[in-house]
Amino acid sequence: MNHSKTIIRRVADIVSQRMADQQAGHGIDHVRRVHRTACDIQQQIGGDRLIVELAALLHDVGDAKFHDGKERSAEFSREILANEGMEQSTIDHVAHIVDNLSFRKHETAEELSDEGKIVQDADRLDALGAIGIVRTIENGATVGQPFHIAGNDPSNLSGPKTGAGHFHQKLFRLREMLHTEPARQIAADRERFMETFLDQFMSEMAN
């Protein structure tokens with residue numbers, strides 16, 4: 001096993017241990033999907049594979065929802081990679097990606113590298129499609145937010161916050177924010193599935 005594969009395996013194990021209790025759509029299953037998707041995109045368009053894999057694995061390791069509202073993923077990434085003896089340039093690159101990845105920070109985030117754009121696309125894709133629907137419902141249940149309120153039009157962005165409204169407020173906006181063509185193609189398919197689901201749901205609610 002070469003050095004890069006050994007590092008990836010060790011970091012993956014560390015992340016799995018640290019995130020064992022994290023759920024609400026940001027658990028280790030999410031990280032594994034983002035890692036897999038990021039690798040698939042990188043294989044198609046290029047970029048530093050090691051950086052992509054490390055950033056994908058570490059991007060939620062210190063998610064604010066599980067650390068008293070403070071985002072600590074970049075901090076924890078630096079700690080983990082330093083303990084693994086990674087070069088400082090690699091640590092800095094991965095930490096920069098992790099620190100500027102999230103949707104909630106997109107208006108103030110610094111420009112991402114090509115590798116960062118791959119990981120960000122992979123992360124945003126996980127909010128779409130069947131997985132995106134399940135994550136929306138699970139997160140709503142966690143915070144006590146209903147999926148739908150009778151009589152409410154979910155496309156009304158000024159209406160009450162609901163899971164169905166979240167589709168229009170955020171999820172259907174993600175495709176236009178993606179950087180890579182492979183990600184945009186995946187997003188288009190997943191969007192269509194979500195639109196079909198939401199149309200069917202609203203139809204059944206109206207009966």
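**Note on helix packing in a predicted model**

1. The axes of helix 1 and helix 4 cross at roughly 135° and come within 11 Å. Helix 1 and helix 4 are therefore oblique to each other, and the crossing is right-handed. The structure is a predicted model, and the points below should be read with that in mind.

2. Which residues form the contact of helix 1 with helix 4? From helix 1 come Val11, Ile14 and Arg18, and these meet Phe76, Glu79, Ile80 and Leu81 of helix 4. By class, the contact of helix 1 with helix 4 has five nonpolar residues, two charged and no polar.

3. Helix 4 also packs with helix 5. Helix 4 covers residues 73-83 and helix 5 covers residues 88-99; their axes lie 8 Å apart, at an angle of about 160°. Because angles over 145 degrees count as roughly antiparallel, helix 4 is described as roughly antiparallel to helix 5. This crossing, of helix 4 and helix 5, is right-handed.

4. On the helix 4 side, the residues that meet helix 5 are Ser73, Ala74, Ser77, Arg78, Leu81 and Ala82. Their partners in helix 5 are Gln88, Ile91, Asp92, Val94, Ala95, Val98 and Asp99. The contact of helix 4 with helix 5 divides into seven nonpolar, three polar and three charged residues. Leu81 is listed in this contact and also among the helix 4 residues that meet helix 1.

5. Is Asp92 of helix 5 buried, exposed or partly exposed? Its relative accessible area is 33%, so Asp92 is partly exposed. Measuring C-alpha to C-alpha is the basis for its spacing from Ala82: the two are 10 Å apart in space and 10 residues apart in sequence.

6. Helix 2 runs over residues 28-45, which is 18 residues. From first C-alpha to last, helix 2 reaches 26 Å, close to the 26 Å expected at 1.5 Å a residue. Just after helix 2, Gly46 has a positive phi of about 95°.

7. The buried residues of helix 2 are Ile28, His30, Val31, Arg33, Val34, His35, Thr37, Ala38, Cys39, Ile41 and Gln42. What covers them includes helix 1 (3-18), helix 3 (49-58), helix 6 (114-125), helix 7 (129-143) and helix 9 (181-206). Helix 1 thus appears both in this cover and in the contact with helix 4.

8. Gln169 lies in helix 8, residues 163-169. Its relative accessibility is 19%, so Gln169 counts as buried, the cut-off being under 20%. Leaving aside neighbours within four places in sequence, Gln169 is in contact with Leu157 and Lys161.

Definitions and conventions:
Residues numbered from 1 in each chain as written. Predicted model: local features only at pLDDT ≥ 70, side-chain atom pairs only at ≥ 80, totals over all residues. Heavy atoms only, no water. Helix = DSSP H or I, 4+ residues; strand = E, 2+ residues; numbered from the N terminus. Expected span 1.5 Å × (residues − 1). Buried < 20%, exposed > 50% of the residue type's maximum accessible area, 1.4 Å probe, protein only. Contact = heavy atoms within 4.5 Å. Axes fitted to C-alpha atoms, helices over the stretch in contact; angles between N-to-C directions. Parallel < 35°, antiparallel > 145°, perpendicular 65-115°, else oblique. Left-handed = near helix turned anticlockwise from the far one by under 90°. Nonpolar A, V, L, I, M, F, W, Y, C, P; charged D, E, K, R; others polar.
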